[in-house]
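Dear colleague,

I am passing on the structure below, and I would be glad if you could look it over with the notes that come after.

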Amino acid sequence: MSQQPVVPPALPHTWRPFGPRMAAVVFGVVLVGAFVWLWVNFDDDTRASVNVYERGTVIGLVLLGLALLNGLARSRVVAREDGLTIVNGYRKRELAWSEVGRVRMPQGAPWPHLDMGEDERVSLLGIHASDGQRAADAIRELRAVVAAHTTA
């Protein structure tokens, strides 16, 4: 089985994980829906017995869960003419092409990473193995973009 040469996509190009983004939406709706459903189904006496601190704690936990899901959903890899932007959760890292290492996807790994040398790796959560063929295509495209910009 021979691989066709991959033509790098036009830049700027963004890769985002599909499965984790959909999971974040579904779990966010379930999280909020479950607590709303519970509150609506409490009788009046139970609702009256919940004090402001308990309400604040529950609201805080729901907001924390939503913030974590949002961090997962906003992960992405953006290739531009001047370099690569990697957003993993709430951390953003901008690399010039001269800093970009080799794109590696070890067998069984959940996402690829950049080997930066000196035992430094940068995870690329914007491409997720759970996306199957979509992830494999994204890795090939990213490798083609990196090769085109690091050898030039």
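What follows is a short account of a helix pair, a pocket and a sheet.

Please keep in mind throughout that this is a predicted model.

I will begin with the helices. α1 and α3 pack at an angle of about 170 degrees, and their axes lie 8 Å apart. Since angles over 145 degrees count as roughly antiparallel, the two helices, α1 and α3, are therefore roughly antiparallel to each other. On the α1 side the contact is made by P20, R21, A24, F27, G28, L31, V32, F35 and W39, while α3 brings R55, V58, V62, G65, L66, L69, L72 and A73. Sorted by character, the residues of this contact between α1 and α3 comprise 13 nonpolar, two polar and two charged.

The pocket comes next. The largest pocket has a volume of about 280 Å³, and its lining is made up of F35, V36, L38, W39, F42, V50, E54, R55, V58, I59 and V62. Two elements, α1 (18–41) and α3 (52–73), each give two or more residues to that lining, and α3 gives the most, with five residues. Nine residues of the lining are nonpolar and two are charged, whereas none is polar. You may notice that F35 and W39 of α1, together with R55, V58 and V62 of α3, which take part in the helix contact, are also among the residues that line the largest pocket.

Finally, there is the sheet. Three strands form an open sheet in the order β5-β6-β7, with antiparallel pairing; the edge strands, each of which pairs on one side only, are β5 (102–104) and β7 (120–123). From one strand to the next, the twist averages 30 degrees. As general background, the strands of a sheet pair through backbone hydrogen bonds, either parallel or antiparallel.

Taking the pairings in turn, β5 and β6 (residues 113–117) are joined in the antiparallel sense over three bridges; here V103 stands opposite L114 of β6, and R104 has H113, also in β6, as its bridge partner. On the other side, β6 and β7 run antiparallel and are joined by four bridges, with G117 standing opposite E120 in β7. These two strands, β6 and β7, form a hairpin with two residues between them, and E118, which lies in the turn, has a positive phi of about 55 degrees.

With best wishes

Definitions and conventions
Residues are numbered from 1 along each chain as its sequence is written. This is a predicted model: local features need pLDDT of at least 70, side-chain atom pairs count only at pLDDT 80 or more; totals for chains, interfaces and linings use all residues. Side-chain values use heavy atoms; hydrogens and water are left out. Two strands pair if DSSP finds at least two bridges between them. Axes are lines fitted to C-alpha atoms, for helices over the stretch in contact, and angles run from 0 to 180 degrees between N-to-C directions. On a 1 Å grid over the protein atoms alone, a cavity is a set of points where a 1.4 Å probe fits but cannot get out, and a pocket is an open set with protein on both sides within 12 Å along at least five of seven lines; lining residues have an atom within 4 Å of a point. Grid points are joined across faces, edges and corners, and a volume is the space filled by probe spheres set on the points. Ala, Val, Leu, Ile, Met, Phe, Trp, Tyr, Cys and Pro count as nonpolar, Asp, Glu, Lys and Arg as charged, and the others, Gly among them, as polar. Angles under 35 degrees count as roughly parallel, over 145 as roughly antiparallel, 65 to 115 as roughly perpendicular and the rest as oblique. Contact means heavy atoms within 4.5 Å.
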